[in-house]
Amino acid sequence: MERMHQYKPHDRDTQAKQMRAPLFEGLLEHAAHHPLAFHIPGHKSGRGMDDAFREMIGERALALDLINIAPLDDLHAPHGMIREAERLAAEAFGADHAFFSVQGTSTAIMAMILATTGPGEKIIVPRNVHKSVLSAIVFAGALPIFIYPEMDRTFGISHGISYTSLERALMLHPDARAVLLINPTYFGVSCHLHTYVELSHAYGVPVLVDEAHGAHLYFHPDLPSSAMEAGADVAAVSMHKLGGSMTQSSLLLQQGKRVSAQRLQAFMSMLQTTSTSYLLLASLDTARRQMATRGKELLSRTIALSQRLKNAIRTIPGLSVLDDSVLAYDSAYALDPTKITVQVAGLGISGYEAEQYLREHARIEVELSDLYNVLFLITPADDETSIDRLIDSLTDLSAAFQKNGAYAPTDILLPDMPALAMSPRDAFYADVERIPLSGSAGRVMAEFIMVYPPGIPILMPGEIITQDNIDYIEANVAQGLPVQGPEDATLATIKVIKERLPLR
Ligand SMILES: Cc1ncc(COP(=O)(O)O)c(C=O)c1O
């Protein structure tokens, strides 16, 4: 895979520094002194906790569940061990600054959008973004300039946006305050990020990257380029997804002068809890250490296992796997080999039915399923045994359903990309009424509605509902997929703007 920016392994000095985990070490040292605590958390190393929970979690972990007392620094104004840990993270990821998030990548995404785009200002975004991007746009009162992603009619998924569509958007909206890109998509598809960044910078527009699925890209030359490597200004990175840290711990990375690091830090502080979890912080510190010092070795093995799995799936009747043929799409420049998207339509079942089969017959849990596919993530936690078990179970799945015959390719449904009638924030605060979903075509949506995962809204506030949207939602509901968002969880009714089109 060609990389425009060369992946740089750390030199020996850096490698030695990266062996340290100052936050984790500071925490261990504090706990080892057994101070008599008269501060929160009130469970005080688990002593005041429910017995069953304490026994399960373990006293050693609970002794580290501490709070920002003076010796342990403060995420909101870091000057000690948290600052040192963030500096090491910045170095490991090739950024100028790194900020820790204990509220996942959603908060890091909101901080980078709010820090760059204010009320009434434009931000260029692909339409297939995670709901946190759209929530931030509502909070900011920003005007999204949506670019429609390339749709994959074979797998029934959306990829990235093409270079020419970004160019057109920048030409029409050179006053945009930011461009947001996804690297890679949930299914592992990356655009030629470096050229997109150069293009946006030529217009003086900073680039924000949703890198929720890209924490590992920083640590292996055979993976798609990372946001920092490609020259992006800010990236929100889910360490907890593919970087080996605990759920909810993420990073916000910054480089260069286009976006102020101080402003990003201010927004991270405004959005994050004052009761920061030190277990999450320490897990970020140590996950960074593991990736910086052993990432290449761990990921080489992960990539080899993923290739073996893909080769095996190709031989299983009725299954097909997303592979490098996807690179024929304009927006697809590289595919993360560790994301295994398997289409099961050849067995005449939905992805959700395959997910259920694997759960019930093989005790296997998948990352996500949709109408046609199942997604498996292969990480450094996998080994030959887990891959063999997955191959055997997929072989059984194929044998169980092969007699069904395949869906015709024309059966592939894709969500219609709706048009925006008004700003998402105006729609969110407008007068609304509740009407049956089935009769809502032509009305303006006042809520989010999405399948989670992946959490990409099918409709968001301000968009004009089409019959295609309704059919797509109903098809997902019929398959038992987790459609969520509206206040009416049954989805029988949704909230729409009272005023009818054309709006004044
Ligand atoms: C593309 C994308 N962006 C952002 C997020 C949000 O990340 P987090 O769950 O860490 O808040 C997700 C989560 O699934 C995602 O898939």
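A pocket, on a 1 Å grid over the protein atoms alone, is an open set of points with protein on both sides within 12 Å along at least five of seven lines. All the views below come from a predicted model, where local features need pLDDT of at least 70, side-chain atom pairs count only at pLDDT 80 or more, and totals for chains, interfaces and linings use all residues. Residues are numbered from 1 along each chain as its sequence is written, and side-chain values use heavy atoms, with hydrogens and water left out.

**View 1. The ligand in its pocket.** Here the ligand sits in the largest pocket (more than half of its atoms lie within 2 Å of the grid points). Around the ligand are 14 residues, the closest being Thr 105, Ser 106, Asp 210, His 213 and His 240 (a heavy atom within 4 Å counts as near).

**View 2. Polar contacts of the ligand.** These are pairs of N or O atoms within 3.5 Å. One ligand oxygen atom lies 2.8 Å from a backbone N or O atom of Thr 105. The side chain of Ser 106 has an N or O atom 2.6 Å from an oxygen atom of the ligand, and that of Asp 210 has one 2.6 Å from a ligand nitrogen atom.

**View 3. A cluster of rings.** Ring pairs join Phe 93, Tyr 218 and Phe 219 into a cluster (rings of Phe, Tyr and Trp, the last by its six-membered ring, pair if their centres lie within 6.5 Å; planes under 30 degrees apart are stacked, over 60 edge-to-face, the rest tilted). Tyr 218 and Phe 219 are both buried, meaning under 20% relative accessible area with a 1.4 Å probe, protein chains only.

How values were computed. Buried < 20%, exposed > 50% of the residue type's maximum accessible area, 1.4 Å probe, protein only. Polar contact = N/O pair within 3.5 Å; in protein donor to acceptor, adjacent residues only side chain to side chain. 1 Å grid on protein atoms, 1.4 Å probe; cavity = no way out; pocket = protein on both sides within 12 Å on 5 of 7 lines; lining within 4 Å.
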